Structure formats: structure tokens, C-alpha cells
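User: Please take a close look at the salt bridges in this structure. Which parts of the chain do they tie together, and how open are the residues that form them?

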Amino acid sequence: MVEKSQIVEKLGAGSLLLPDYVNRGLAANERVKYYLTLLQTAKLHADDPTAEFSNLRNEREAGRVDDPSLDTVVAGSYATAGGYFIPRAGYIYGCVVGDIEKIIQPLEADDAQAWHVADHRQRLDALSSVAPSFEGDVVPRGYITAMTHARREDRDSHHLLVMDLHKALHRLQTSVAQESIEGARVYGVRDTDPPLIATFMDGLNSTAFLKFDHPGLGTNATRV
């Protein structure tokens, strides 16, 4: 059966799907964070096989990545002469790039806003152009650090790009909110949700004095 969202897309009413696109983008953002952490942890284990490391199962499940075989990646990683053997490294990298594309999609769908989509795509293309082949699931030494660093003064990274996209996605999420409940911007919720949101916001607002002059407390609520 064709989903309603697919029908609306074919009718050219992409703006009507922005809340759905945003939620997909947020889900993709959580998956990317898991995949990058998985690569980092695999590298750390390969550098020091005697140390104990998590298999990141909890993180995988929290990110809704339904692939239990990834729980064996950290334990199966080891250093090689040219870098690191990381099981399914090429597949994991493909997931990173694919989910970054999904984060960009809602920004592209909002024609009324300038989200610098072309710049984001140019950055992703530039990062992809220097990616290794991952032949034999071997990752060159230094490449995982290059993917995951957050230093603005260094070369661009997938982590930096995801950070910037997440900020833009958060602003878009706020703009598509349909109502406000006790200060929370709300969209896509059920009729039974407002009391739960109000209760959450009561608790959150009761801590407002602890933030001092930090901007904080901006809240969006939706149901996925």
C-alpha cells in the first residue's frame, strides 16, 4: 500500500510533510551519532585490546538501529600495518553518509527558509571525495579521527557537519510547531499528549533558576 506521505509527495505538497521529514531527520541524526561512536570505540579497542569496552548495544537500541550483528564490531576490531580492521567498516561508513542525506532532506523540503543546503551538500561531497575505499574493511590510520573530530580550526569532519545540520534541523523543528503548551513548541501529538507535555514542562520550568543566564530550556515536543 502506498503511504499517505508518498501520495502527498507526488502531488508536490512537500511542505505539508515537513513535520514528518523533521522527525525522520532527527531519527537519522541519532543513528549517525551511534555509527560515529561505534567507529571511535572500535578504534580505541584496536589500539588497546586489553582494555574493556562496551559493545554499544544500548546506544544502538537507543538510536533504533535494528542490526544486532553490529554489537560484535568493537570486539572484532584490531590494528593492522596500515590502519584498522573493523568488521563492516564500509557498510557503517555508508550508513553515516546515507543518514546525513536524510538529515538534509527536511531542510531541502522547506523552500521558504534558507538553510544553506547547497553548502551542506558541498561539504558532504567534499568529505566523500577523500573517503578511503574500505577494501577488506580496513580503515586507514587517522581516518576515524578525521571523521569524528569537532575542532573548527581543523579540516571539516562528518561530526562537524552533523552538528551544524542538527542545529539547523532544530530551528526548522521550532518553525513547524503548531502550538505551544506551557512554553513547549508542539506538533504531531495525540489528543492525550498535552497533559503529559504540560507536566513535563512544569518540572522543567521549576528548574529554570538553575540555568542562570544560559539560554537553555527551549523545548520541542512531538510523537514519533
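Analyst: A residue counts as buried under 20% relative accessible area, as exposed over 50%, and as partly exposed in between. Keep those cut-offs at hand. The model is predicted.

Start with the total. The whole structure holds 14 salt bridges. Three pairs and one network are taken up here.

Take R121 and E108 first. They form a salt bridge, and their closest N and O atoms are 2.8 Å apart. R121 sits in helix α5, residues 117–129. E108 belongs to helix α4, residues 89–109. The pair therefore ties together parts that are 13 residues apart in sequence. How open is each partner? R121 has 24% relative accessibility, so it counts as partly exposed. E108 has a relative accessible area of 36% and is partly exposed too.

Helix α5 also carries R123. R123 forms a salt bridge with D156. Here the closest N and O atoms are 2.8 Å apart. D156 lies in the loop between α6 (143–148) and α7 (158–176), so this pair ties together parts 33 residues apart in sequence. D156 is partly exposed, at 29% relative accessible area.

That loop between α6 and α7 also holds R152. The side chain of R152 meets that of D164 in a salt bridge, at 2.6 Å from N to O. D164 is in helix α7. The two residues are twelve apart, and the pair links distant parts of the chain. Buried or exposed: where does D164 fall? With a relative accessible area of 17%, D164 is buried. Its partner R152 is partly exposed, at 47%.

Next, the network. R57, R60, E61 and D71 are linked to one another by salt bridges.

For context, look at the sheet as well. Three strands make an open sheet in the order β1-β2-β3, and the pairing is antiparallel. β1 (78–79) and β3 (138–140) stand at the edges. Each has a single partner strand, so one side of each is left without a neighbour in the sheet. Strand β2, residues 83–85, runs antiparallel to β3 and is joined to it by three bridges. F85 stands opposite V138 in β3.

To recap: R121–E108 joins helix α5 to helix α4. R123–D156 joins helix α5 to the loop between α6 and α7. D164–R152 joins helix α7 to that loop.

How values were computed: Residues numbered from 1 in each chain as written. Predicted model: local features only at pLDDT ≥ 70, side-chain atom pairs only at ≥ 80, totals over all residues. Heavy atoms only, no water. Pairing = 2+ DSSP bridges. Helix = DSSP H or I, 4+ residues; strand = E, 2+ residues; numbered from the N terminus. Salt bridge = Lys/Arg side-chain N within 4 Å of Asp/Glu carboxyl O. Buried < 20%, exposed > 50% of the residue type's maximum accessible area, 1.4 Å probe, protein only.
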